Amino acid sequence: PQPYPEIRLVAVLPQLRRRGVATQLLQACVERTRAEGYDAVGLHSTEYMADAIRIYERAGFVRAHEHDFQTPAGVLVMGFRLSLHRVLDASRVTARR
C-alpha cells in the first residue's frame, strides 16, 4: 500500500463538461488531502480517459508507473501521483474549451 490517499471514481455529467467542473472537483480533492496532512495524492486512469489525463497533467500529476496494473481484460490502468509540496495553480488546470 502507498502512504497517501487516492482520488477514485470522479465523474462529471456530460452536459456539465468543458465548464471547469472536473478541475474544481480535482482541486477540492487535492485541498482536502493537503488539509489532512498528506504530502501526496494519487489516482488511476486509462488511455480511454484522455481528456481527464490532460486535466491531471495540467494540475501537476505525473505518471507513477510503479502503481500501474492490468485488468483481467488486459486494459492498462495507469497510476498518477501529485506531490503536494508543489502548489496547485488553478490557472494551469482550467478546462479546455
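**Helix α2, a core and a pocket**

Let's start with one residue, R18. At 48% relative accessibility, R18 is partly exposed. Keep in mind that this is a predicted model. Where does R18 lie? It is in the loop between β1 and α1. Now look at its backbone. R18 is not a glycine, yet its phi is positive, near 65°. Why point that out? Most residues other than glycine have a negative phi.

The loop between β1 and α1 also holds L9. L9 is another non-glycine with a positive phi, about 55°. Is L9 buried or exposed? L9 is exposed, at 83% relative accessible area.

Next, helix α2. This helix covers residues 50-58. Which of its residues are buried? They are A52, I53, I55 and Y56. Look down the axis of α2. The buried residues fall within an arc of 160°, so they line one face of the helix. What covers them? The cover includes α1, residues 21-35. It also includes β2, residues 40-45, and β5, residues 76-83. After α2 comes G60, with a positive phi near 105°.

Now the core. In soluble globular proteins, nonpolar side chains tend to be buried together. Here, the largest nonpolar core has 15 residues. Which members touch the most other members? They are L26, V30, V41, L43, Y56 and F61. The elements giving two or more residues to this core are α1, β2, α2 and β5. Of these, α2 gives the most, with 4 residues.

Let's zoom in on Y56. Leave aside residues up to four places away in sequence. Y56 then touches L26, L43, S45 and F61. Three of these names should sound familiar: L26, L43 and F61 are also among the core residues that touch the most other members.

Last stop, the largest pocket. Its volume is about 830 Å³. How many residues line it? The lining has 32 residues. Closest to the pocket centre are V10, A11, M49, A52 and Y56. So we meet Y56 again, and A52 too; both are buried residues of α2. Two or more lining residues come from each of β1, α1, β2 and α2. The largest share, 7 residues, comes from α2. What is the lining made of, by class? There are 19 nonpolar, 4 polar and 9 charged residues.

To wrap up, follow α2 through the model. Its buried residues line one face. It gives the most residues to the largest core. And it gives the largest share of the lining of the largest pocket.

Note on methods: Residues numbered from 1 in each chain as written. Predicted model: local features only at pLDDT ≥ 70, side-chain atom pairs only at ≥ 80, totals over all residues. Heavy atoms only, no water. Buried < 20%, exposed > 50% of the residue type's maximum accessible area, 1.4 Å probe, protein only. Arc of directions from axis to C-beta. Contact = heavy atoms within 4.5 Å. Core = buried A, V, L, I, M, F, W, Y, C linked by side-chain atoms within 4.5 Å. 1 Å grid on protein atoms, 1.4 Å probe; cavity = no way out; pocket = protein on both sides within 12 Å on 5 of 7 lines; lining within 4 Å. Points joined across faces, edges and corners; volume = space filled by probe spheres on them. Nonpolar A, V, L, I, M, F, W, Y, C, P; charged D, E, K, R; others polar.
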